[in-house]
Amino acid sequence: MPPIPRILIVEDDEIIANLITTMLERKGYAVVGKVDSGEDAIRLAAELEPDLIIMDINLKGQLDGISAARYIFQLFHNPIIFLTALYDESLLERAKGAQPLGYILKPFTDKELSSNVELALYNHGFRKRYLDAYPIGEPKKIVGALEAILILDPRGRIIYFNPYSTRILDLPEDQILMHHWRDTMMIINDQTSEELKDPVPEVVKQMLVVMYEFNTALVTRTNKTRKVAIIVRPIKDEHNDLLGILMHIREKTLDQIKMARKL
């Protein structure tokens, strides 16, 4: 017996979200989560790995549905169906960038929803055979990593962080998500205590990798200092254009710190 398709609903109207849930569950689908912002959609896409995401375009928060969907599909390869009460050519052009497998106008019927869901799941089954490897790694490994993995937008705002990041940064989730990375930590030369310059503009402009491997420490907003190695690199989409920035922070062990001092 094939597994029951698992669907994430991203909708900021609670009545509509509940209606979609009822319609889907009647058809035998499993609704694994409901969120009302693009930021939370990115987080749950990585954590839950749903088979399909039904995404409203106009959402609460700082990321609309199209922006969130583009990150989700490019990073984690989850298929998307858009919901919207509005239709215009410019909106449709933006939506194409997220490569959705459906576009449903509100109000919609039970048949319209179920037929779009069925077709999206079927078509993605073929499409995923030809998708490139995950640009930042498999979602399960990212979520379970014992290192901080942050995804920034080109402005330096944190649009995703894995669970271990809260330990490294010593901050609650609401003080990390959609904040500029420099508002959550400071990176210094641990020999001179001098703050290192923001690598994001250089990564964005030059599309290159910046590495802080030696004499580097992270200072949290609670004034804890951690010896770390940091890699900051561009994340590119299928057209080789900049999608975002990956910031990978690894806390060094005592042995690694001693070895560095001998070099």
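**Close-up views of a predicted model**

**View 1. An aromatic pair one helical turn apart.** Tyrosine 122 and phenylalanine 126 sit four residues apart in helix α5, so about one helical turn separates them. As in every view here, what you see comes from a predicted model. Tyrosine 122 is exposed, since its relative accessible area of 53% lies over the 50% cut-off. Phenylalanine 126, at 37% relative accessibility, counts as partly exposed. Helix α5 itself covers residues 110–127.

**View 2. The two aromatic pairs of the structure.** How many aromatic pairs does a search of the whole structure find? The search finds two. A pair of rings is described by how far apart the centres are and by the angle of the planes. For phenylalanine 76 and tyrosine 160, the ring centres are 6.0 Å apart and the planes stand at 70°, so this pair is edge-to-face. It joins distant parts of the chain: phenylalanine 76 belongs to helix α3 (residues 65–76) and tyrosine 160 to strand β7 (residues 158–161), with their positions 84 residues apart in the numbering. Both phenylalanine 76 and tyrosine 160 are buried. The pair of tyrosine 122 and phenylalanine 126 is edge-to-face as well, with 5.2 Å from centre to centre and 70° between the planes.

**View 3. The cavity beside strand β7.** Here is the one cavity of 30 Å³ or more that a search of the whole structure finds. Its volume is about 40 Å³. Glu39, Arg43, Ile159, Tyr160, Phe161 and Leu177 line this cavity. Two elements, α2 (38–48) and β7, each give two or more residues to the lining. Strand β7 provides the largest share, three residues. Sorted by class, the lining has four nonpolar and two charged residues, with no polar ones. Look for Tyr160 in this lining; tyrosine 160 is also the aromatic partner of phenylalanine 76.

**View 4. The largest pocket.** This pocket has a volume of about 420 Å³. Which of its 18 lining residues lie nearest the centre? Pro50, Asp51, Pro79, His124 and Lys128 do. Helix α5 gives the largest share of the lining, three residues. By class, the lining has eleven nonpolar, four polar and three charged residues.

**View 5. The second largest pocket.** About 190 Å³ of space lies in this pocket. Its lining is made up of Phe73, Gln74, His77, Gln99, Tyr130, Leu131, Asp132, Ala133, Pro135, Lys236, Asp237 and Glu238. Five of these residues are nonpolar, three are polar and four are charged.

**View 6. Aspartate 237 and its contacts.** Now we turn to one of the residues lining the second largest pocket, Asp237. Aspartate 237 is found in the loop between β11 (225–236) and β12 (242–251). Is aspartate 237 buried or exposed? With a relative accessible area of 9%, aspartate 237 is buried, because buried means under 20%. The side chain of aspartate 237 makes a polar contact with the side chain of arginine 70, at 2.9 Å. A polar atom of the aspartate 237 side chain also lies 2.8 Å from the backbone nitrogen of histidine 239. Leaving aside neighbours within four places in sequence, the residues in contact with aspartate 237 are Arg70, Gln74 and Leu243. Gln74, like Asp237, appears in the lining of the second largest pocket.

Notes
Residues numbered from 1 in each chain as written. Predicted model: local features only at pLDDT ≥ 70, side-chain atom pairs only at ≥ 80, totals over all residues. Heavy atoms only, no water. 1 Å grid on protein atoms, 1.4 Å probe; cavity = no way out; pocket = protein on both sides within 12 Å on 5 of 7 lines; lining within 4 Å. Points joined across faces, edges and corners; volume = space filled by probe spheres on them. Nonpolar A, V, L, I, M, F, W, Y, C, P; charged D, E, K, R; others polar. Buried < 20%, exposed > 50% of the residue type's maximum accessible area, 1.4 Å probe, protein only. Polar contact = N/O pair within 3.5 Å; in protein donor to acceptor, adjacent residues only side chain to side chain. Contact = heavy atoms within 4.5 Å. Phe/Tyr/Trp six-rings, centres within 6.5 Å; stacked < 30°, edge-to-face > 60°.
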